[in-house]
Amino acid sequence: MDEPSAAILLFQVAQSRNFIHDDLVPAFSAALTALGVRNELFETTLPAIDAADAADLSAVDALADRLRGRYTVCAYVRLWSEAVFQRLRAQLPGVTWIYLGDPRVAFPGTTHAFPLTQVETFAAVTRAVASGEPVTAEMFQLPHSELTRAHAQDNLVRIGVGREQRPDRPAVVHGSAGCAYGQSVLENPHFQGVPFPSEKVVLRGCSFCATGGIPRRPSGEVLASVLAQLDNLIDHAPETARIQLNDQNPFPYLVQFIERLGERAAQPMEVLIETRADWFLGSMAVMERALQTAERHGHRILLFLVGLESLSQKELDLYNKGVTVEQNERTVLECRRLRRRYPKSYSDTPAAFGFILYNPWTELTDITLNLDTAERIGLLEFRGQLTRAKLRLYPDTALFYKAKHEGLLADRFPYEAMDSARRYGYEAEVPWRFQHAATDRAYGIHDAMFRVVGRHDEVRMLREIVRFLERHPGRVTEPVSVLARDVVRSLGSRFQQIRHSSPGERPAGQPRPNANANANPSPRLGPPAADDRDAWRRVAESARAATTPAEALRAAGFEAPDDLPADPPALPPDPLRVEVPRLEVLAYEHGLKPALYLTLPRAEADAIAARFAGHHAARVDYLFTYDAVTDVRGRAPAAPGEGTHVDLFLSRDAGLVERARAIYEDPRGPSQHLAEMGAMLGYPPCCVEAFAALPDRSNNTAIRYAALARTRQLGLPFAPVLNNLFAYVLPSFPCSYGCPRAVAQAEAVLELFAKEQPETVATIRRALARPVLFVDHARLVVLEGARRDGDVVRYGRAVGGVSPTDDRAVRDAFERAMGAVLSRGDGLRVTDTAIEVLRGGERAAWLPRRAPGLGLLAPFGL
Ligand code: SF4
C-alpha cells in the first residue's frame with residue numbers, strides 16, 4: 001500500500017485590494033497531518049481577468065509539473081475557472097479530484113465534493129485511494145472537525161506567474177464565527193411568493209449572504225480566544241506585520257485587542273477589521289478609543305471592509321440589508337473624519353468596502369443614484385472599481401432562489417467580464433442575467449469601452465452611457481457594438497477627455513514611469529470637465545465663500561486637519577518673483593515668429609500697434625471678462641476702438657494679415673481655423689492639435705490640468721521653461737510640459753532675452769524650476785529647496801504671492817491654509833486620493849481629496 005498523501009490546491013488572482021484569505025486551509029492541512037495523511041499546500045497565482053496576460057496558464061502547467069507522479073489525490077479549494085481545473089485534469093490522469101466546498105459548485109470531473117470540515121472523510125478517502133480500496137458511503141458520514149485556528153503555513157508551496165506576485169496575506173485571528181445580523185428574509189416584501197427549500201438556504205441576514213443569523217459566542221469567551229490567538233501569533237510568527245480580525249463585529253473587544261498588541265508586539269502592526277455600517281456607527285466611541293490606543297503604540301487600524309452594498313434604498317431593501325442610504329453615507333463621512341483625526345493610526349492602505357452596482361433587477365435609475373451619491377460622498381476613496389461591481393450569486397442564499405423563481409439564472413453571464421469570481425478569485429458563482437434590457441446594455445456598452453480604451457474615468461463614462469440609454473429607450477434591443485459606437489459619437493470630444501482622465505493609462509509601448517505607483521492603482525477624484533461651466537463656476541464661488549482656513553482647503557478639494565489654526569500666518573513671499581515681459585514680442589521682433597498675435601488691454605494694444613507702425617495689422621476690439629480664480633475667460637464683440645481688450649495680429653507679411661482678417665470675419669469664428677492660425681503664428685502643431693481637441697478652450701485652468709495629465713500619462717519630465725502655472729515664456733499652451741518642440745521654442749526665446757538681460761533670465765529660469773502645488777489660477781504655492789526622495793518631494797519651505805490673480809483674497813486665504821499644513825513637515829506625497837505631509841518619515845498631516853478634486857503637484861525642476 002502506498003503511503004496516503006494529498007496535494008491541496010489554492011488559487012489566487014494577481015489583483016490589488018484583495019483581502020481574501022484561506023486561513024482555514026492550513027488548519028485543514030494540519031488536521032490532516034495529525035491524522036497521518038502527508039499533504040502539501042500549493043498556492044498558484046493566476047493573472048487577473050483583464051490583465052494583458054489573462055490567457056496565460058503557464059502557472060497551471062508549472063503546477064501540474066510539480067504534482068505529476070507524486071499525488072493520487074488532489075483537492076482544490078475556491079477555484080473560479082473551470083478551464084484551469086480541466087487543464088489540470090487533462091495533465092494529471094488517474095488523479096482522484098476532491099472539491100473542498102459546496103458540492104453544487106464543483107466542476108464536472110470532480111470525483112468527490114464535501115466541505116473543508118470533513119477532515120476525517122478526506123483522510124479515509126485518501127487512504128482508500130492509496131491502498132486501492134473502494135471509497136464507501138460510510139466514509140462520508142464521519143464526524144466533522146472544527147477548524148477555527150490559524151496555523152503556520154509550513155508546508156505551503158507558492159507558484160507565481162509573471163512579475164505580479166500575490167500580495168502578502170495577513171495573519172488571521174478569528175472572533176465570533178458567522179454574522180449575528182439576522183433579519184428574516186421571509187418578512188421582506190421583495191421575497192413574497194419565492195419558494196424556498198426546507199434546507200440548504202440561509203433565510204436570515206442579507207439576502208445574498210450565507211453567513212447571517214448566527215448568534216455571537218459569549219463576549220468573554222471571544223475576548224479570551226482572540227487574545228490567545230494574538231499571543232500565539234506573536235510567540236510563533238513575530239515577523240507578522242498585518243493581522244486580519246475575522247469577525248463581522250470586532251468592536252466588543254477591539255480596544256483590548258489593540259492594548260494587548262501594544263503590550264506585546266515588538267514592531268508596528270496593521271490590524272484589519274470589517275463590519276456593517278450600523279454597527280460601525282454605533283461603535284464610534286470604541287473605534288476612537290481603539291485608534292487612540294493604536295496611535296500611542298505606533299500601530300494602525302484599517303477598516304478594510306464595510307458592507308455598504310448600495311446607495312439606492314430600493315436595492316438595499318432587496319438585499320435585506322437592514323440599513324439606510326443615510327447610514328451608508330454617514331459611514332463614509334465618518335471614516336473620512338477618523339482618517340483625518342487619527343492620521344497616524346487610521347491606516348491609509350486602500351480599503352475595499354462592499355458595494356454592488358448591478359444585480360439581476362437593477363434599473364438605470366439605481367445606477368445613476370449610486371454613481372451620483374458615490375461621487376458626492378467620495379466613496380471612491382474607500383472602494384475601487386465601482387462601475388464593475390456586481391452581485392455574486394451563491395446557491396444557499398435567498399437571492400439565488402428569487403432569481404431562480406423569476407427565471408433570471410443563466411448558463412453563462414451575458415458578458416464574460418461579469419464573472420467577478422474569476423476576476424477577484426472568489427468561489428465559482430452562479431451566472432445570472434439582467435431583467436431589464438437597458439441595464440444589460442449599460443453593462444455591455446461600458447464593458448466594450450473598457451476593452452477598447454482600458455482604464456478611464458469609469459464613473460463619468462458610465463453616467464454618459466446611462467444618459468444615452470435614457471434618451472433612447474427604443475434602442476435597447478440593438479447590438480452593444482452599435483450602441484457603443486453611437487455613445488462615443490454622441491460624446492464628441494468629451495470622449496477623449498473621459499478616456500484620458502484616468503491616471504493609470506499610458507500609450508502602448510510607453511514604459512511605466514513608476515511601476516510601484518501603478519501596482520496598486522487608486523481611483524482619482526479629478527477636476528471637473530473643461531466644458532462643465534457650472535462646475536467651474538461653483539469652484540470659484542466656493543473659493544470666494546470660504547471664510548476659515550478649513551473651508552479654504554475644502555474649497556480647493558482637500559479635507560482639512562481638525563487642528564488647523566484659525567488664523568495662520570501668510571506664506572513668505574517668493575524671493576524670485578519676477579515680471580516676465582511679453583517675450584513673444586521679442587521673438588517676433590527678432591524674426592523667430594512669422595506673425596505676432598496678442599490679446600491685450602486696449603491701452604497696451606495701442607502702444608504695441610504704435611511700436612510696430614510699419615507692419616501690417618489686423619485688430620478686433622472686444623469686451624473681456626475673466627474669472628480671477630479659475631481663469632475662465634469670456635468675450636463679447638465691441639465696436640472698433642471700444643471694449644476693454646483687443647486681439648492684435650501683426651506681421652511683416654501682408655498676405656498673412658489678410659488671411660488673419662478673413663478668419664476673424666468668418667462668422668464661425670477663429671476657433672474653426674485653429675490649425676491654420678497656429679501655423680501662421682509658428683506654434684508647434686502637436687500643441688495646436690491638443691488645444692483644438694479641448695472641449696472648452698476658454699478655461700485656462702482646465703487647459704493646464706489637461707497638459708499636466710498628459711505629461712504624467714506620457715511619463716515625460718516636466719521642463720521648467722514650459723512652466724506656465726504662474727508666468728509665461730511661450731504665449732501658447734504646450735500639449736504637455738515635456739513637449740520637445742515647445743521646449744525648443746521656449747529655449748530659443750529665453751536665449752534671445754538673455755542677450756539683453758542675462759540676470760533676469762537666470763532668475764526666471766530658477767523661478768520656473770521649482771515644483772508647484774497647483775489648484776488653479778489663484779491658488780498655488782511654490783516649493784523651494786525641493787528634491788525627490790522616492791515618492792516624496794522634500795522641500796525647504798513653501799512660498800506664496802506667486803499667482804498673478806486679481807483675487808488676492810482667495811489667493812491669500814488658500815496660501816495661509818495650505819502654508820499652515822506644509823509648515824508642519826518637510827516632505828510632500830501627493831497621490832490620487834490624498835496629500836500627505838511628512839516630517840522626516842512621520843506623517844505630519846493628511847488631507848484626503850474631496851470634490852472638486854483639484855490639486856496636483858507639478859514637479860518642475862525635480
Ligand atoms: S453580508 Fe455582512 S452583514 Fe449581511 S449577513 Fe453577511 S456578513 Fe452579515
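Let's start in this predicted model with strand 7 (residues 171–174) and strand 8 (residues 242–246), which run parallel and are joined by 4 bridges. To find a spot where the two meet, look for histidine 174, which stands opposite asparagine 246 in strand 8. Between these strands the chain passes through helix 5 (residues 219–236), and the resulting β-α-β crossover from strand 7 to strand 8 is right-handed.

Strand 8 also pairs with strand 9 (residues 270–275): here 3 bridges link them, and the two strands run parallel. You can pick out isoleucine 243, whose bridge partner in strand 9 is valine 271. To get from strand 8 to strand 9, the chain goes through helix 6 (residues 254–264), making a β-α-β crossover that is right-handed.

Strands of a sheet pair through backbone hydrogen bonds, and the pairing can be parallel or antiparallel. For the antiparallel case, let's move further along the sequence. There, 4 strands make up an open sheet with antiparallel pairing, in the order 20-17-16-24. Its edges are strand 20 (797–799) and strand 24 (856–858), each of which pairs on one side only. On average, neighbouring strands of this sheet are turned by 30° against each other, with direction ignored.

Within the sheet, strand 17 (residues 780–784) and strand 20 run antiparallel, with 3 bridges joining them. One residue pair to look at is glutamate 784 and its bridge partner in strand 20, arginine 797. Finally, turn to helix 29 (residues 808–822): this helix lies across strand 16 (772–774), strand 17 and strand 20, and runs at about 40° to strand 17.

Methods:
Residues numbered from 1 in each chain as written. Predicted model: local features only at pLDDT ≥ 70, side-chain atom pairs only at ≥ 80, totals over all residues. Heavy atoms only, no water. Pairing = 2+ DSSP bridges. Axes fitted to C-alpha atoms, helices over the stretch in contact; angles between N-to-C directions. Contact = heavy atoms within 4.5 Å. Right-handed = clockwise from strand over helix to strand, strands pointing away.
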